[in-house]
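Okay, thanks for making time, everyone. I'd like to walk you through one model today, so let me put it up on the screen.

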Amino acid sequence: MSSVNTKVVTISKLQKGDIILSTTRDKVSKIVKYATSSKYSHARLYVGGEFIMEAIKPVVRKEKLIEVLKNDLYAVVYRMPGLTEVQKSNIVNYAKKQDGKDYDMSGAIGSRGSGIAIAGLIPTISNLIDSESDFYCSELVAFSYKSAGIKLERFSSQTTPRDLAQNSKLKYIGSLKLAGM
């Protein structure tokens, strides 16, 4: 995707299972973007209506899309072409079932790319036993897709926003929010 690409998509054009990648002005966002060599620091999953599911400290939660976009500098949408209604339902239902689970700070820090920048932390014991015991943002997206039989990355537990943006299976749909909007 070109950085000057201004194709705009409205919320009414979103489909269940769409992936929303974004960034903010926050320090953590800057660190994630630097550590993963990415334009994006966060991933969300559109679950229908006006809602998304996201893993953001302290827990996985369902939020109104319009509210979370307020803090974003920019947000873009990626879609898996050809998803069946059953697959979309499986993706959304899996994500919703994670509501309230803890945020996976050690996984976020140790995910491919960012672990190089911040070494020394190891996954929690519960995450080593059960990789779905807690989630960071793009990990939630990857496991939600995996629940529908779609592997976005070799290891769902190491997926970054950059991985999602560069995934050849996903199609760029457009921008939900451009910087300055």
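So, to kick off: which residue follows α1, and what is the sign of its phi? It's S37, and phi there is positive, near 50°. And S37 is not a glycine. It sits in the loop between α1 (27-36) and β2 (42-48). S37 is also exposed, at a relative accessible area of 55%; by exposed I mean over 50%, with buried being under 20% and partly exposed in between, using a 1.4 Å probe and protein chains only.

Quick housekeeping. This is a predicted model, so local features need pLDDT of at least 70, side-chain atom pairs count only at pLDDT 80 or more, and totals for chains, interfaces and linings use all residues. Residues are numbered from 1 along each chain as its sequence is written, and side-chain values use heavy atoms, with hydrogens and water left out.

Now the overall layout. The protein chain has 8 helices and 6 strands; those are DSSP runs numbered from the N terminus, helices being H or I with at least four residues and strands E with at least two. Going from the N terminus, you read β-α-β-β-β-α-β-α-α-α-α-α-α-β. Of the 181 residues in the protein chain, 47% are buried. Take the contacts with a separation of 6 or more, a contact being heavy atoms within 4.5 Å: 71% of them join residues 24 or more positions apart.

Back to α1 for a second. Its buried residues include S29, A35 and T36. Looking down the axis of α1, the buried residues fall within an arc of 135°, so they line one face of the helix; that arc is taken from the directions from the helix axis to the C-beta atoms. On the face turned away from that buried side you find the exposed residues K27, K30 and Y34.

Then there's α7, residues 137-146. How many of its residues are buried? That would be 9 of 10, so to speak, mostly covered. Among the buried ones are L140, V141 and F143.

L140 comes up again with Q98, in the loop between α3 (85-97) and α4 (105-110). Q98 touches V60, E132, F135 and L140, leaving aside residues up to four places away in sequence. Q98 is buried too, with a relative accessible area of 5%.

Last stop: a cis peptide bond joins K57 and P58, with omega about 15°. P58 is in the loop between β3 (51-56) and β4 (59-64).
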